[in-house]
Amino acid sequence: MTSPDVSLLAHGLASRPGREWWRSAVIYQIYPRSFADANGDGIGDLRGIAAHLDDLLDLGVDAIWLSPFMTSPQKDAGYDVADYCDVDPLFGTLADFDELLAQAHGRGIRLIVDLVPNHSSDQHVWFQAALAAEPGSPERARYMFRDGKGANGEIAPNNWESVFGGPAWTRIVEADGTPGQWYLHLFDSSQPDFDWSNPEVWAEFRRILRFWLDRGVDGFRVDVAHGLVKAEGLPDYTPHPEGGSMGGDEADVPYWGQRGVHDVYRDWHKVLAEYDGDRALCAEAWLPTIEKTALWVRPDEMHQAFNFAYLETPWKETELKDVIDESLRDYAAIGAPSTWVLSNHDVVRHASRLALTAENPQGSGVGPRSAGQPIPELGLRRARAATALMLALPGSSYLYQGEELGLPEVIDLPDDARQDPTWFRTHGEKYGRDGCRVPLPWEASAPAYGFNDTGAAWLPQPAEWARFACEVQRGDDSSTLSMYRDALRARRAHGLGLGALEWLPAQADVLAFRNGEVTVLTNFGATPVEIPEGSEVLLSSEPLAGTAIPQDVTVWLVAAP
Ligand code: NOJ
Ligand code: CA
């Protein structure tokens, strides 16, 4: 077990009851395959990440979250794990991971890893053993195997659909060559669901938690944290055709938000509590309301839960005010922070999403034939204003790699480059998530924009991305990167993450609040807002020409000296 690194304390991340680091941290999501590629094979890797830690230190984040880098056939970009306690050779070795963790801690940056407990890969030894074993065997009992319906078991056990499209059941061929049982997969057929009513599964995940905690990780982002437990008897369920497939809870969906799932996190909470350094769990749980999401962060469960209700709120001041109010109220009621987020590897990047011109259900993605194409300049302007607003709120915030560069969703990926299982399972009806996963541009004129030095990239980077390169933006005070860096410095200096929000009266179309000594104004309307006399601009999401705040701009103000 590692002891907390002294440099973490020096960095201002010391934990004390009520001021634990995860209450206020800004956590930067790294999607390893698209961040930086050290060996030039076109897929990002752990050494690539280590080589850019100084960029993250300069940006000013408190922690990083790594999307899965464990052994995996990569059918769902690593969310199909074959060995939870090893590194996939694509990304490096366990020694590379240990080195990365030491390097991050040495810079005062915490690191959390992704844990995927709802399902494994079909290449996991347990699933392979289950296929080889008999129906009713202990090997089968670790997953959700069932006999089919119909005279010959030819009908799936129920009507559930995969989140990625198509049926959630696949029939196997038994070892003797006859058509056999079916197994449940809420996602791709290569991702069989574990059976969380089996104590062996509980014991195995305790072991996996300890494996990473012993190496010194600061916590876990928990994948599909609302999905592990399924309703007794696996009753039929037909999702609403317009509805997103990831959301819901026990009130209406038999595989999301079942009450028993909380016992798992109470168990894990105790495991983490055995370790020093305030290790944390963050829930990826798509639930219908903030009140319900808050159940995941009760004092003896997880520490954070992504505020997806906030992420899904349109760029409208009344709706944003309501969701912020409700979040602060519902999380405060149980002593938890709100965990704000605007982008991740599953949603349309907010520099495009906030300027879509038609409804676009979460998970559909945007492609060249989608209705409601976004307006790029408007999207970036709103994204910068939205980020400046988010980073002024009390609580923790997650950033997704590339948003600090203002990257838009890549809409015109060629069809034959797409890799998301959603694209295949819906036969091209939904574009899926590749557009937010394109490798990052670091330098304007290097091969693959500095993603590596060979020019290979697992998804093609757009020709116009030179202007978004980190190197180009670093020296430009008006760039998106500079705005993020300035915001993170000011947020830390003014203690905004641990602060409290007080709304201020404001004209129509304006959100105004105070957090400690900082006043925050966002103008959503066409009428410019005068900066109050006696204040000084600490941060502006766009360069200001005069003394007024134009439309789609956020400013942070402090009293003039
Ligand atoms: C949520 C992850 O964020 C997503 O990328 C993945 O496809 C599903 N869970 C399945 O693991
Ligand atoms: Ca590589």
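This is a short tour of a predicted model, stop by stop.

**Stop 1: the ligand**

Select ligand 1 and show what surrounds it. There are 13 residues around ligand 1, and the closest are Asp76, Arg221, Asp223, His345 and Asp346. Now display the side chains that approach its oxygen atoms. The side chain of Asp76 has an N or O atom 2.6 Å from an oxygen atom of ligand 1. For the side chain of Arg433, the distance from an N or O atom to a ligand oxygen is 2.9 Å. For the side chain of His119, it is 3.0 Å. How much of ligand 1 does the protein cover? On its own, ligand 1 has 290 Å² of accessible area, and the protein covers 99% of that.

**Stop 2: the largest nonpolar core**

Next, select Phe97, Phe220 and Trp556. They belong to the largest nonpolar core, which has 157 residues, and they touch the most other members. Then colour helix H6, residues 199–215. This helix gives the core its largest share, seven residues.

Stay with Phe97 and show its contacts, leaving out residues up to four places away in sequence. Phe97 touches Leu46, Leu66, Phe69, Val87, Leu111, Val113, Trp212, Arg215 and Val217. Another core, of nine residues, lies apart from the largest one. To find this other core, select Leu521, Val529, Ile531 and Ile549, which are among its members.

**Stop 3: strand E20**

Go to strand E20, residues 553–559. Is this strand mostly covered or mostly open? Mostly covered: six of its seven residues are buried. Trp556, from the previous stop, is the bridge partner in E20 of Val520. Add strand E16, residues 518–523, to the selection. E16 and E20 run antiparallel and are joined by five bridges. Now add strand E18, residues 535–540. E18 also pairs with E20 in the antiparallel sense, over five bridges. Pick out Ser540, which stands opposite Val555 in E20.

**Stop 4: a three-stranded sheet**

Select strands E6, E7 and E8. They form an open sheet in the order E6-E8-E7, with antiparallel pairing. Which strands sit at the edges? The edge strands are E6 (145–146) and E7 (169–173), each pairing on one side only. Zoom in on E7 and E8, the latter covering residues 179–184. Four bridges link the two, again in the antiparallel sense. Label Thr170 to see it opposite Tyr183 in E8.

**Stop 5: Arg425**

Select helix H13, residues 421–425, and find Arg425 in it. Is Arg425 buried or exposed? Its relative accessibility is 19%, under the 20% cut-off, so Arg425 counts as buried. Show what it touches, leaving aside neighbours within four places in sequence. Arg425 is in contact with Ser162, Phe164, Gly165, Gly166, Pro167, His185, Phe187, Asp188 and Ser189.

**Stop 6: Ala336**

Last, select the loop between helix H10 (317–332) and strand E12 (339–341), where Ala336 has its place. Ala336 counts as buried because its relative accessibility is 11%, under the 20% cut-off. Beyond its neighbours within four places in sequence, Ala336 is in contact with Arg23, Val297 and Tyr331. To finish, draw a C-alpha to C-alpha distance from Ala336 to Phe91. It spans 34 Å in space, and the two residues are 245 apart in sequence.

Definitions and conventions
Residues numbered from 1 in each chain as written. Chains lettered and ligands numbered in written order. Predicted model: local features only at pLDDT ≥ 70, side-chain atom pairs only at ≥ 80, totals over all residues. Heavy atoms only, no water. Core = buried A, V, L, I, M, F, W, Y, C linked by side-chain atoms within 4.5 Å. Buried < 20%, exposed > 50% of the residue type's maximum accessible area, 1.4 Å probe, protein only. Contact = heavy atoms within 4.5 Å. Pairing = 2+ DSSP bridges. Near = heavy atom within 4 Å. Polar contact = N/O pair within 3.5 Å; in protein donor to acceptor, adjacent residues only side chain to side chain. Areas by Shrake-Rupley, 256 points an atom, 1.4 Å probe, with all protein chains shown as cover.
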